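These are my notebook entries from a session with the model, written down in the order in which I looked things up.

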Amino acid sequence: MRNVIMIATDQQRADAMGCVDPSYYTPNLDRLAAMGVRFTGAISTSAQCTPSRASWMTGKYPHQVGVNQIGHVLDPGEWGIAKAFNEAGFETAYFGKWHLGLSAAEHEFQVTGYRTDGVELDGANKDPRFHSNKDAHTTAQALNYLEDYNGGKPFFMKVSWYMPHPNSPEDPPFERIERYEDRFPLAEMPIPASYELDDLSGKPPFQRQRSRKGESELSEALVRRDAQRYRSLLALMDTNLGRLLAKLEAKGLMNDTAILFTSDHGDMQGAHRLRLKGVLPYKELYNVPLVLYVPGEAVSRKLIPDLVSSAAIPGTLLAAAGVEVPEECEGGSLLPRLGEDSPPAGEHVFFEHHRAYWGYHPLRGVQTPEWKYVYYFEDGLEEMYHLAQDPDELVNVAGRPDAEEERLRLRQAVDAWWEATGGLSRTPIEDPDSVWGKEG
């Protein structure tokens with residue numbers, strides 16, 4: 001059996017890697033991708049922290065486990081990834097952001113705290129309110145855990161970082177990391193093409209309303225500043241990743257440890273004249289990084305474009321460890337894709353979103369290689385993009401006669417999936433300590 005480490009960031013887009021977009025600086029993540037494989041079609045089950053993380057724990061879609069939005073608690077009675085690893089004889093450890101109500105310990109992770117001596121704050125904010133500071137301490141816990149590891153039993157360790165999620169109480173929304181600012185000159189920061197090309201006409205009206213008020217009232221200068229800070233946060237995250245990889249190498253564990261790196265959702269970064277995230281269907285939010293390194297596993301493709309769901313992450317972790325994937329893990333495993341030469345026929349992936357701090361517009365959607373369809377089932381609105389011709393999702397073709405056949409087919413598919421998986425029949429457990437408005 002192999003050791004397994006899952007490393008997760010918060011709010012990192014799929015293209016936010018130096019090997020994809022050279023305006024980013026992530027040499028350690030790029031090296032991990034070169035060692036393993038990169039899934040370029042990974043789609044989050046939900047573009048919000050809490051529901052997305054519920055899928056990481058259970059291998060199910062958020063609505064199936066009653067975690068539709070921030071403020072909903074994952075039931076500790078659910079089947080979960082830690083329980084499966086525990087039964088297989090692993091030691092399970094969780095360090096960093098949780099965001100599912102209760103605690104990781106109540107979901108049967110055995111180790112949920114560790115010493116932080118040797119914490120490295122070079123580049124991180126000294127103020128513990130900031131995410132860079134929290135991530136420095138999470139990294140120290142993981143490094144010390146690995147330093148003390150004696151090989152008595154295999155381990156499954158989850159390292160959950162906050163960066164590049166915005167959290168700057170002094171100068172919102174993104175924290176300033178001065179150490180890396182010179183690497184990302186403001187004048188060279190990119191403006192997304194859809195910032196200029198999409199005036200949001202033909203889109204659901206709430207999107208334009210969102211783009212014109214509050215924190216989303218954008219200018220090019222603001223988009224460039226966000227881009228600089230976002231990239232600086234990811235550069236610091238990558239430094240932490242480098243420390244973890246170096247520790248694995250120093251301990252001689254790299255050849256015995258599978259690593260999965262991903263993020264819960266992305267960030268708009270000014271695309272479509274929108275900022276941050278919310279009940280929006282765009283690729284900037286749903287397409288997430290997914291890098292998988294499994295030592296000794298035969299690989300047919302280094303870049304895997306298959307459409308895959310983040311609900312497959314728990315099963316992939318178990319399979320990478322050599323543990324049988326149980327039926328409860330409905331998302332299955334991505335490990336077989338490593339040996340396949342091409343995507344499967346008829347591939348598609350479903351996704352959902354319930355509510356943002358700025359609006360209630362619940363949606364369910366489906367994506368295929370050629371199309372994306374979204375149904376806002378409370379608003380009675382639809383969005384649909386012909387991705388093969390419009391990869392930047394500029395033109396909503398829902399309602400056009402030439403797309404009607406596909407619209408009907410995809411609407412039937414997403415409605416059938418929703419009904420088969422229970423819709424909103426699962427009553428959520430409300431977190432009494434949650435304060436809505438602090439978007440995760």
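**Entry 1, a pairing across the chain.** I began with Glu147 and Lys247, whose side chains meet in a salt bridge with an N to O distance of 2.7 Å. I noted that this pair links distant parts of the chain, since Glu147 sits in helix H4 (residues 131-148) and Lys247 in helix H8 (residues 220-250), 100 residues apart. I should record at once that I am reading a predicted model, and that every value below is to be taken in that light. For Glu147 I wrote down a relative accessible area of 38%, which makes this residue partly exposed. As background, side chains of opposite charge can pair when their charged atoms come close.

**Entry 2, the helices that carry the pair.** Having met H4 and H8 through one salt bridge, I asked at what angle H4 and H8 pack. The angle is about 5°, with the two axes 10 Å apart, and because angles under 35 degrees count as roughly parallel, H4 is roughly parallel to H8. On the H4 side I listed Ser132, Asp135, Thr139, Ala142, Leu143, Leu146 and Glu147, and on the H8 side Leu236, Asn240, Arg243, Leu244, Lys247 and Leu248. Both partners of the salt bridge in my opening entry, Glu147 and Lys247, are therefore among the residues that make this helix contact. By class, the residues of the contact of H4 with H8 divide into 6 nonpolar, 3 polar and 4 charged.

**Entry 3, another partner of H8.** I then turned to H1, whose axis comes within 7 Å of that of H8 and crosses it at roughly 50°. That angle makes H1 oblique to H8. The contact is made by Pro27, Asn28, Leu29, Arg31 and Leu32 of H1, together with Asp238, Thr239, Leu241, Gly242, Leu245 and Glu249 of H8. I sorted the residues of the contact of H1 with H8 as 5 nonpolar, 3 polar and 3 charged.

**Entry 4, a residue ahead of H1.** I looked up Tyr24, which is placed in the loop between strand S1 (3-9) and helix H1 (27-35). Is Tyr24 buried or exposed? Its relative accessible area is 5%, and Tyr24 is buried because that value is under the 20% cut-off. Leaving aside neighbours within four places in sequence, I found Tyr24 in contact with Arg13, Asp15, Ala16, Met17, Gly18, Phe184, Tyr230, Arg231 and Leu234. I also took a distance to Leu100, which is 76 residues away in sequence and 30 Å away in space, C-alpha to C-alpha.

**Entry 5, His72.** Leu100 came up again when I turned to His72, whose contacts beyond four places in sequence are Thr50, Gly66, Val67, Leu100, Pro428, Ile429 and Glu430. His72 lies in strand S3 (residues 72-73), and at 5% relative accessibility this residue counts as buried. I noted as well that the side chain of His72 reaches the backbone nitrogen of Asn68 at 3.0 Å.

**Entry 6, further salt bridges.** I asked how many salt bridges the structure holds, and the count is 31. One that I examined joins the side chains of Asp198 and Lys203 at 2.7 Å, N to O. Asp198 counts as buried at 2% relative accessibility, and Lys203 is likewise buried, with a relative accessible area of 7%. I then examined the salt bridge of Asp392 with Lys283, in which the closest N and O atoms are 3.0 Å apart. This pair also links distant parts of the chain, with Asp392 in the loop between strand S12 (381-386) and helix H11 (404-420) and Lys283 in helix H9 (residues 283-286), 109 residues apart. Here Asp392 is partly exposed at 30% relative accessible area, and Lys283 is partly exposed at 31%.

**Entry 7, a network and Glu406.** I recorded a network of salt bridges that links Arg364, Glu382, Glu404, Arg407, Arg411 and Asp415. I also looked up Glu406, which is placed in helix H11 and counts as partly exposed at 22% relative accessibility. Apart from neighbours within four places in sequence, Glu406 is in contact with Trp371 and Met384. My final distance was from Glu406 to Glu178, 228 residues apart along the chain, with C-alpha atoms separated by 49 Å.

Technical notes. Residues are numbered from 1 along each chain as its sequence is written. This is a predicted model: local features need pLDDT of at least 70, side-chain atom pairs count only at pLDDT 80 or more; totals for chains, interfaces and linings use all residues. Side-chain values use heavy atoms; hydrogens and water are left out. Helices (H or I, at least four residues) and strands (E, at least two) are DSSP runs, numbered from the N terminus. Buried means under 20% relative accessible area, exposed over 50%, partly exposed in between (1.4 Å probe, protein chains only). Contact means heavy atoms within 4.5 Å. A salt bridge is a side-chain nitrogen of Lys or Arg within 4 Å of a carboxyl oxygen of Asp or Glu. Axes are lines fitted to C-alpha atoms, for helices over the stretch in contact, and angles run from 0 to 180 degrees between N-to-C directions. Angles under 35 degrees count as roughly parallel, over 145 as roughly antiparallel, 65 to 115 as roughly perpendicular and the rest as oblique. Ala, Val, Leu, Ile, Met, Phe, Trp, Tyr, Cys and Pro count as nonpolar, Asp, Glu, Lys and Arg as charged, and the others, Gly among them, as polar. A polar contact is a pair of N or O atoms within 3.5 Å; within protein, one must be able to donate a hydrogen and the other to accept it, and residues adjacent in sequence count only if both atoms are side-chain atoms.
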